Amino acid sequence: MLSPERTRELIRMVRQDCGSCHGLTLRGGLGPALLPETLRDKPPAGLKHTILLGRPGTAMPPWQPFLSEAEADWIVAQLLRGFPEESK
Amino acid sequence: MRKALRAWCWAIVALLPVLAWSTEPVLRGTGDLGVIIERSAGRVLIVNTSSNSIISRVDGLGDLSHASVVFSRDQRYAYVFGRDGGLSKVDILRGTLEKRIVQGGNSIGGAISQDGRLVAVANYEPGGLKVFAADTLEPVADIPAAYGDGKLSKVVGIADLPGDRFIYSLFDADQIWIADLHDPKSPKVEKFSNIGKAPYDGLVTPDSRYYLAGLFGEDGIALLDTWQPQQGVQRILASYGQGEEKLPVYKMPHLRGWAVAGHQVYLPAIGHHEVLVADTVTWKEAARIAVRGQPVFVVARPDGRQVWVNFAFPDNGFVQVIDTLTGQIVQTLEPGKAVLHLEFTPRGENVWVSARDDHKVLIYDTASFAKLAELPAESPSGIFFTSRAHRIGF
């Protein structure tokens, strides 16, 4: 279970730092779109693997130094559901 | 009676400024103005670099998660390129959005032509270059970045060249293209292939002669002499990462023309905690400077005496300053959380720094490194001053 503070940090990290390549709206950029409809066919375990270990040969880096497995699971679940907006 | 008359006169005197205001706008130039992107809010701040203040806000610019700006040559209009394919023309004198079009699905940046008549947008989706009339934003030309069997490449690293040409790189196709828009109705495109794996950004030197494309997929920089393009693309700094493990890259570095200071160019080493220095006559490596993290922007003060560097996550709270005479780091600043960009005032006495996660822009004196002011801004990213209007490659 993630604390509300950590949840806020993760939302900001995905929107802002992942957003550098995937777009603030996650519609894609240098990296692909991360919307529910673009991820629907991909197994969650593979998405988690990509987040934690990156994809060698592409610009996707491993985020393992900054995320626990549980946090990566949470991010995958949120992405598949439609990622929350940052609260103002 | 006399008292009443005197009161009446005073009333007129007091009203004079109001009357003057209503009949004639306050006259001013735009040479000390600029634009700051508030990336999450889809808004830009219009700022004054003489008074260190925010003078207005312009809303409604869409997704600005990767936004960049070029200026009209009269320095009145800012063309803002948004991530969502939006191209917005902002009147910085009036503080209004004059026109906005959505010209593509996903874009990375743009450039303005030498004569100021054409604005070109580099698109990821659909991959290619689109060119618009600077005054009306009406479409002028569409140049898909087609390669192989008709696939479209993401376009990166666009800059203007003399002769109403634009130079840019194809991230997915390992190519550099020069589009000649001298006759906008029939653009001519010159293509250079096999320039190196995955060019991620590019710059032209301040004289526009050399185009450099940073490579993500391998070490080194692709170099094209645009005065002698028949000589083709050569590789420089190819050995910089050899024997060292490349670190994961949490933010792509950016290349812009004012990384050139004196006869040297200062470049981010992708995947390394280093700034690379190359001689702009021989294009040989001159030095490597160890820095706090992976550089994102490596920017020379306009006089070239200092080079300022910011860094990728997780070192993005720091800014370091290199003295170009000694090659030493002379200052390490911690302006705030998530420093995304920095911009010098036209002659470099001050630098403005955006700290995204602290929601502020900080202004420093570049001689004393004293903080002069802080301005509130919502998730600020790029800072662009109108002095860019008169520089090739901006």
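User: How far apart are the mean positions of the positive and negative charges of chain A?
Analyst: This is a predicted model, in which local features need pLDDT of at least 70 and side-chain atom pairs count only at pLDDT 80 or more, while totals for chains, interfaces and linings use all residues, and side-chain values use heavy atoms, with hydrogens and water left out. Residues are numbered from 1 along each chain as its sequence is written, and chains are lettered from A and ligands numbered from 1 in the order in which they are written. Lys and Arg count as positive and Asp and Glu as negative, with His and the chain ends not counted, and each charge is placed at NZ of Lys, CZ of Arg, CG of Asp or CD of Glu. For the 11 positive and 10 negative charges of chain A, the distance between the two mean positions is 5 Å.

User: And what is that distance between mean charge positions in chain B?
Analyst: Chain B carries 40 positive and 43 negative charges. The mean position of the positive charges and that of the negative charges are separated by 6 Å.

User: Which pattern does the secondary structure of chain A follow along the sequence?
Analyst: Helices (H or I, at least four residues) and strands (E, at least two) are DSSP runs, numbered from the N terminus. Chain A has 4 helices and 0 strands, and reading along its sequence gives α-α-α-α.

User: What radius of gyration does chain A have, and what does the globule rule give for its length?
Analyst: The radius of gyration is taken over C-alpha atoms, and the globule rule is 2.2 Å times the number of residues to the power 0.38. Chain A is as compact as a globular protein of 88 residues, because its radius of gyration is close to the rule's value, the two being 12 Å and 12 Å.

User: How many helices and strands does chain B have, and what is its radius of gyration?
Analyst: Chain B has 1 helix and 34 strands. For 394 residues the globule rule gives 21 Å, and the chain comes close to that, so chain B is as compact as a globular protein of that length, with a radius of gyration of 22 Å.

User: What percentage of the residues of chain A count as buried, and what percentage in chain B?
Analyst: Buried means under 20% relative accessible area, exposed over 50%, and partly exposed in between, with a 1.4 Å probe and protein chains only. By this division, the buried part of the 88 residues of chain A is 47%, while for the 394 residues of chain B the buried part is 60%.

User: What share of the contacts in chain A between residues at least 6 apart in sequence joins residues at least 24 apart?
Analyst: A contact means heavy atoms within 4.5 Å. Among the contacts of chain A that join residues at least 6 apart in sequence, the share joining residues at least 24 apart is 49%.

User: How many disulfides are there over all chains?
Analyst: A disulfide is a pair of cysteine sulfur atoms within 2.5 Å. Over all chains, this rule gives a count of 0 disulfides. As an example, Cys18(A) is in no disulfide, and its nearest cysteine sulfur, that of Cys21(A), is 9.1 Å away. Cys21(A) is likewise in no disulfide, and the total over all chains remains 0.

User: Where does Leu26(A) lie, and is this residue buried or exposed?
Analyst: Leu26(A) has a positive phi, near 60°, although it is a residue other than glycine. Leu26(A) sits in the loop between helix H1 (4-22) and helix H2 (36-39) of chain A. Because its relative accessibility is 2%, Leu26(A) counts as buried.

User: In which loop is His359(B) found?
Analyst: His359(B) is not a glycine, yet its phi is positive, at about 55°. Because its relative accessibility is 35%, His359(B) counts as partly exposed. Its place in chain B is the loop between strand E31 (350-355) and strand E32 (360-365).

User: Which residue is joined to Pro126(B) by a cis peptide bond?
Analyst: Pro126(B) is in the loop of chain B between strand E9 (118-125) and strand E10 (128-133). The cis bond has an omega of about -5°, and the residue that it joins to Pro126(B) is Glu125(B).

User: Which residue is joined to Pro314(B) by a cis peptide bond?
Analyst: Pro314(B) is in the loop of chain B between strand E27 (306-311) and strand E28 (319-323). Here omega is about 5°, and the partner in the cis bond is Phe313(B).
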